[in-house]
Amino acid sequence: MELRLPELGEGITDATVVNVPVKPGQPVKAGDTVIEVETDKASMPIPATGDGTVNEVRVKQGDKIKVGAVIAVIGGAAPAARGEATKAAPPAPAPAAKPQAANHVAPARREFTLPNLGEGIENGIVVAVNVKPGDTVAAGQELFTIETDKASMPLPADADGMVEELRVKQGDRVNIGAVLAVLSGGNGSAAKPQAAPAIVKSQPAPVPSGNGSAGVINDKGIVPAGPATRRYAREHGVALVEVPGTARGGRITVDDVKTHIRGRMSTPVAHAPGSPGGAPPLPDFSKYGPIEKKPLSNIRKKIAENLTIAWHTAPAVTQFDLADITDLEAGRKRITEGLPKGSPKVTMTVLAIKAVVAALREFPNFAASLDMANGEVVFKQYFHVGIAVDTERGLVVPVIRDAEKKSIRDLALEVATLAEKARTGKLAIDEMRGGTFTITNLGGIGGTAFSPIINYPEVAILGMSRSSIQPVFKDGQFVPRLMMPLCLTYDHRIIDGADGARFTTRLVQLFSDPIRLLMES
C-alpha cells in the first residue's frame with residue numbers, strides 16, 4: 001500500500017519533510033506518524049492509514065515533495081514477532097491484499113472532512129449546511145460554510161457524488177479533520193487522505209518532560225520550530241528560546257507562541273484572581289437589573305486578541321493634521337461622472353491609497369516591521385495596502401496587493417470587490433494577509449478625529465475623518481475650503497515624532513494637489 005502526501009489545504013501544492021521517524025522493516029499502527037512536513041502555513045504529521053510494516057521510505061529529511069507524491073510503502077499487518085514473520089514467507093501476500101481492497105472501494109463511500117484552514121486555525125463553526133441527505137452534488141458545489149476566528153469560507157465538494165449522511169448541523173463547532181458528511185459515487189479517492197494529517201494535528205501532544213519554562217534546544221543547538229512558527233515569533237517580537245514547546249520532541253508550534261504571548265501580556269495583572277487573559281473579573285450585573293448575555297463571535301475574539309497584542313507590544317503615538325481636499329474632491333467627482341454607468345466609485349479611500357504609496361516610497365520605515373528578537377528592521381520592497389472594512393461580524397482588513405502598479409480605476413474595482421466580499425463573509429484568509437500599511441476611513445460615518453490602533457506587525461496606520469468646509473486664510477483673505485482630518489498612528493520604537501510629522505505633511509501636500517498626487521504615485 002502506497003502512502004501518499006495528502007491534500008494539506010487550499011492553495012498548498014507541496015511541503016518540506018522535516019522529520020522521518022520510521023525506517024524500513026519497522027511495524028506501524030494506524031495513526032502512527034510516518035513523516036512530519038512543513039508548509040508555509042503549518043507543521044503537521046502524516047500518519048499511517050492502517051496497521052502494517054514499513055517496506056520502503058521514499059523521502060528523506062529536507063526533501064520538498066508534491067501533494068500526491070508517494071511517501072512510503074506499507075505492506076501487511078504488523079507481525080507480532082519479526083522472526084516468525086520471516087519464516088512464514090508464503091502467507092505474507094494475503095494480509096497485504098486487505099488494504100489494497102479497501103483502497104479499491106474507497107470511491108464508493110467516502111468521508112468529507114474539515115480540511116486545514118490555515119496557520120494556527122484549529123476549528124471552526126458551521127454557519128450553513130447547504131445540502132441534505134440524498135442530494136446529488138457536483139465538484140465545486142458549496143456543501144458547508146465555516147466561520148473561523150479569521151474569516152468565513154465555503155467548503156466545496158471535491159468530486160461529483162451523492163450525500164449519504166450529514167454528521168454536523170448549523171452551529172456546531174468542529175475541529176480540523178472532523179467528518180462533516182459521508183458522500184458516495186464520483187472519484188473521491190483523494191478526499192479521505194486529505195484529512196489524515198489534520199486529525200492527528202488536532203490531538204494534543206504530550207509536553208516533553210523537563211521542558212520547564214524555556215524552549216528545548218536540540219543537540220545541534222537549535223530551537224526546534226518550523227519556518228511558519230519562526231516567522232510568527234519574529235513578527236511578534238518573541239524569542240523562541242523562551243517558549244515551551246508542546247509538540248513531539250519539544251518542537252514549538254504557532255499556538256505555543258500565542259500561548260506565550262498571552263501569558264506575557266497577563267503578567268502585569270496576574271494578581272487578579274480568576275481573571276482570564278489578565279483582566280479582572282466582572283461583577284454580577286444581574287444584581288442591579290435585567291441583563292442579556294451573548295457569546296462573542298470568533299471574529300470578534302480574534303479582533304480583541306490582535307488589538308491587545310498591538311496595544312501591549314507597540315508604544316504608539318498619533319499625529320493629527322488637516323488636508324485641503326477642495327480640488328481633489330472636485331476632480332474625484334469629475335472622474336466619477338465620466339465613468340460608464342455601473343462602474344465602481346472612485347472614493348476618497350481609493351485616492352488615499354495613491355497618496356499613501358507615494359509617501360511610503362519616501363519614508364520606507366513606515367512600511368517596515370520591527371524584529372526585536374533578532375535586532376533587525378524588516379524593510380518591505382512591496383506596497384500591499386490594507387483597507388479596514390466595517391461589517392456586521394466585525395472589523396476586517398482585506399489587502400490591496402501591489403497597489404503601486406494599479407490605476408485609479410483598477411483600485412476602485414478592487415476596493416469595491418474586496419469590501420463586498422468582506423461584508424458577505426466571503427474573504428479568503430490570504431486576502432487579509434501580507435499588508436504593509438493600513439488605511440481606515442470613518443469619514444462616511446462622522447467624527448472630527450480618532451486614534452486608530454496599529455494593525456500589528458505593521459508599524460503605522462492612517463485614519464481619515466469626516467471632511468468639512470472651514471475658513472482658510474489664503475492669498476490674503478479667508479476662503480471656504482473643504483478640509484479633511486488625518487490621524488496617523490505609528491510605532492514609536494521605529495518611527496520618531498519628527499518623521500511622523502513629515503509623513504503627514506507629505507500626505508497633506510499630495511491631497512492638496514491632485515496633479516502631483518497622480519504624477520508621483
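User: How many salt bridges does the count come to, and what makes a contact one?
Analyst: The count comes to 21 salt bridges, a salt bridge being a side-chain nitrogen of Lys or Arg within 4 Å of a carboxyl oxygen of Asp or Glu. This is a predicted model, in which local features need pLDDT of at least 70 and side-chain atom pairs count only at pLDDT 80 or more, while totals for chains, interfaces and linings use all residues. Residues are numbered from 1 along each chain as its sequence is written, and side-chain values use heavy atoms, with hydrogens and water left out.

User: Why is the contact of Arg110 with Asp158 called a salt bridge?
Analyst: The closest N and O atoms of Arg110 and Asp158 are 3.9 Å apart, and the limit is within 4 Å, so the pair qualifies. Arg110 lies in strand β9 and Asp158 in the loop between β13 (152-156) and β14, so the pair ties together parts that are 48 residues apart in sequence. Helices (H or I, at least four residues) and strands (E, at least two) are DSSP runs, numbered from the N terminus.

User: Is Arg110 buried or exposed, and what about Asp158?
Analyst: Buried means under 20% relative accessible area, exposed over 50%, and partly exposed in between (1.4 Å probe, protein chains only). Arg110 has a relative accessible area of 3%, so Arg110 is buried. Asp158 has 36%, so Asp158 is partly exposed.

User: How do you know that Lys169 counts as exposed, and which residue does Lys169 form a salt bridge with?
Analyst: Lys169 has 54% relative accessibility, so Lys169 counts as exposed. Its salt bridge is with Asp172, the closest N and O atoms being 3.1 Å apart.

User: What makes β14 and β16 a pair?
Analyst: Two strands pair if DSSP finds at least two bridges between them. Strands β14 (residues 161-166) and β16 (residues 179-184) have four bridges, in the antiparallel sense. Leu166 stands opposite Ala181 in β16.

User: Why are β9 and β11 called edge strands?
Analyst: The open sheet has four strands in the order β9-β16-β14-β11, with antiparallel pairing. Strands β9 (109-113) and β11 (136-137) each pair on one side only.

User: How do you know that the span of α8 agrees with the expected one?
Analyst: The expected span is 1.5 Å times one less than the number of residues. For the 15 residues of helix α8 (residues 348-362) that gives 21 Å, and the end C-alpha atoms are 21 Å apart, so the two agree.

User: What makes α8 mostly covered?
Analyst: In α8, 13 of its 15 residues are buried.
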